[in-house]
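Reader: Can you walk me through one helix and a couple of odd backbone angles? Show me the model before we start.

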Amino acid sequence: MLRLLAPLKTARTPTLPRSYSSARLRTSNAQTLANLGSRRLSNHARRVPQTPEEMVHAKVQAEAVSGELPSTPVGPSIGWGGPGGGGANGVRDAVLTTVVGVIVLFTGGIVYMTWYKENVLWKIEKAFAAGYDPALELAKNTIKKPQETSPSTGTEELEWDLEGPWTQHLRREEQDLIDRIIQGREVGHYFILLGPKGTGKTTMILDAMQAVQAEGVAMCDAHPDLEVFRLRLGKALNYEFNEDTQTGLFQRRDPREGGPALDIERALNKLEKVALRHAKNTGKPLILVLNNVHYFNHDDDGRNMLLQFQQRAEAWAASGILTMVFSSDDFWPFFVMRKNASRMHVVSVYDLSAHDALTAARRMRLNARQKRESPETLTEVVKIVGGRLTYLGKATKAPDMVKHARHMLAVEKAWLLSQIGLIPDCDDDVMDEQKWSSCSWLLLREFVRRHEQEMERKREEVACGEAKPEELDEIPLPRISYYECRQIMTRPDFMDELDRKNIIAIDINHDVTPDSWLILHAAEEVVHEEGFDDLLDGVRDRVDEIESLHRTRELTFKDVDAGDRIRLTVDKGGARLV
C-alpha cells in the first residue's frame with residue numbers, strides 16, 4: 001500500500017504558464033475587492049445617508065465599485081459656486097449661452113432691418129421703371145376686334161390704322177403740355193387737370209405714359225374709402241406698408257394703429273428718398289399722378305388727404321425731385337387746394353370743338369368697323385351729343401348713329417327729371433328737395449334762354465353777311481359767371497351738388513356751363529314744354545307757403561262759449577296785452 005501511495009506523493013503537479021497564473025491572480029484579486037466593496041456597500045447601505053455630503057460620497061463609492069465614470073466631479077470648486085463642485089459651471093454656461101444668443105439675435109435683427117429698408121426703396125424704384133405701371137398695362141391690354149368684312153369703310157379717304165386708337169391721329173391742344181409733364185420737362189410746378197367727366201383727361205395722361213413706357217411715372221386712382229386708397233397707392237408704388245416684414249418681435253405696436261393717413265405718410269417718406277436718388281442719377285423728377293381726386297369725400301377726412309398730398313407736392317416741386325399731377329371732374333378739389341397753392345398750375349380740359357368732333361367721330365366710326373356715314377349724318381350726331389368723347393364713342397359704335405344719339409338724349413332727359421323733377425303740390429316732407437329742384441331749373445332755364453339769344457344773334461349776322469353759315473355750328477355752350485349764378489339760384493350752396501351730379505360744370509375762370517350738350521338739349525325740351533313756367537312758379541309758391549306755415553304760430557283758446565268775445569291788443573311801443 002505504501003508502494004502505491006509513494007508514486008502519488010512523488011508525482012509533480014503540471015506547471016501552468018506564467019501569464020495564465022498572473023491573469024488568474026488578477027481576477028481573484030478583483031473578485032476579492034468586489035466582494036469586499038459589496039460587503040462594505042451593503043454594510044454602509046444599512047445606514048441611510050442623511051447629509052448631502054454623505055449622499056455624494058455614497059454615490060461616488062457606488063460608481064467606483066461599478067467601474068463607471070463619476071457624473072459629478074469631486075474636489076474644490078472652480079468659479080462662483082463655492083463648495084459643492086460643478087453647479088457653478090452650469091450657471092456660467094447658461095448665462096454665457098443667453099448672452100451670446102441675445103447678441104446674435106440683436107445683430108441679426110439689425111442686419112435684417114437694414115436689408116429690409118433697402119429692399120423697400122429698391123421695390124419703389126422698380127415701380128417707376130419702364131413698363132411697370134399697372135394702370136398702363138390695363139390700358140394697353142385692349143380687346144382685339146374680330147376681323148370682319150364690312151361695307152366700304154372709306155379707308156381710301158383717310159390713311160388710318162384700324163388696330164390703333166384714334167387719339168394717335170388726332171392730338172388735342174393740351175396733349176403737348178401733358179407730354180412735357182410726363183416726360184419730366186416741366187420742373188418746379190405741380191398740376192391739376194380740371195374738366196367734365198369724359199373729356200379725355202385720363203386718356204391724354206395714358207397716351208403720354210405709353211409714349212415713354214411709364215418710365216419714371218406712377219398712377220393711382222382715388223377712392224372715398226381711405227383704406228382702399230391706401231392699398232391702391234401701395235400697389236402703384238410697389239410698397240407693402242411694412243405688412244411683409246418679419247420684425248414683429250421688435251415691434252411695440254401695430255404699424256396700422258394710426259390709420260390710413262399715417263400709412264400714406266410713411267409711403268410718401270419712402271417715395272421722397274427714392275425721388276432724391278432718382279433726381280441725382282438722372283437729373284429728372286419722378287411723376288406721380290393722382291387720378292379722379294373728386295372721389296375723395298367732401299368732408300374733413302377727404303380735405304385733409306388732399307392737403308397732405310398738396311403739402312408734399314409743394315415741397316417736391318420746389319426741390320424739383322417729383323412732379324405731382326391731380327385730375328378732377330368736379331370743382332371743389334381746386335377750391336380746397338387753391339387756398340394753399342403757390343406752385344400749382346391748372347390745365348382746363350373742355351369738349352372738342354364742332355370741327356374736331358366731326359373729325360373724331362369719323363375716325364371713331366372707321367375704328368369701330370361700321371359702315372361709312374355721310375357728313376350730314378355725322379353733323380347731326382355731333383349737334384346732339386356735342387364734342388364729348390365718351391358720347392361720341394357710344395354713338396359711333398352703334399349701327400344707326402342718329403337713332404342711338406337720340407336715345408342717349410332721351411335717357412339723359414329721363415335721368416335729369418329723376419334728379420330735379422318738379423312736383424306741383426308737394427308735401428312739406430319734400431320741401432327741401434323741391435327747393436333745390438326749383439333753384440336748379442331757374443339756372444337751367446337761364447342757360448336755355450341765353451343759348452337761344454346767341455343763336456338768334458348769330459342768325460342775324462349770317463343774314464347780314466357778317467358771318468358764315470358754318471359758324472352756327474361753332475356756337476359753344478352758354479356760360480354764366482359764378483357770381484351771376486348765385487344771384488339766379490338765390491341758393492349758392494346748391495351749386496356744389498349740381499356739379500357733383502354732373503349737371504353743371506365750373507371751370508378755372510369761375511364760369512358755369514351745362515355739363516354737356518345732352519344736358520342742354522334735355523333742358524331745352526323740358527323748358528319748351530307747355531306750362532313749364534307756370535309749373536315752376538307754382539312749385540316756388542308752394543315752397544313759400546310751406547315755409548310760411550312753418551313760421552306761423554297758432555293760438556288756441558279753450559272753454560269759450562257762444563257769445564264770448566276775445567280781445568287781442570298789440571302795442572308795438574310797449575308790452576303786448578291780451
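**Helix α10 and some positive phi values**

Author: In α10, the buried residues (under 20% relative accessible area, 1.4 Å probe, protein chains only) are G302, M305, L306, Q308, F309, Q310, R312, A313, E314, W316 and A317. This is a predicted model, where local features need pLDDT of at least 70, side-chain atom pairs count only at pLDDT 80 or more, and totals for chains, interfaces and linings use all residues. Residues are numbered from 1 along each chain as its sequence is written, and side-chain values use heavy atoms, leaving out hydrogens and water.

Reader: How many residues does α10 have, and what does it span?

Author: Helix α10 (a DSSP run of H or I, at least four residues, numbered from the N terminus) has 20 residues, 300–319. From first C-alpha to last it reaches 29 Å, close to the expected 28 Å (1.5 Å times one less than the number of residues).

Reader: What caps its N-terminal end?

Author: D299 does, with a side-chain oxygen 3.4 Å from the backbone nitrogen of D301. Just after α10, G320 takes a positive phi of about 75 degrees.

Reader: Switching topic: what's the phi of N292, and where does N292 sit?

Author: Phi of N292 is near 55 degrees, positive in a residue other than glycine. N292 sits in the loop between β3 (286–291) and α10; strands are DSSP runs of E, at least two residues.

Reader: Is N292 buried or exposed?

Author: Buried, at 13% relative accessible area.

Reader: And H510, what's its phi?

Author: About 60 degrees, also positive, and H510 is not a glycine. H510 lies in the loop between β7 (504–506) and β8 (511–514). At 29% relative accessibility, H510 counts as partly exposed (from 20% to 50%).

Note on methods:
A polar contact is a pair of N or O atoms within 3.5 Å; within protein, one must be able to donate a hydrogen and the other to accept it, and residues adjacent in sequence count only if both atoms are side-chain atoms.
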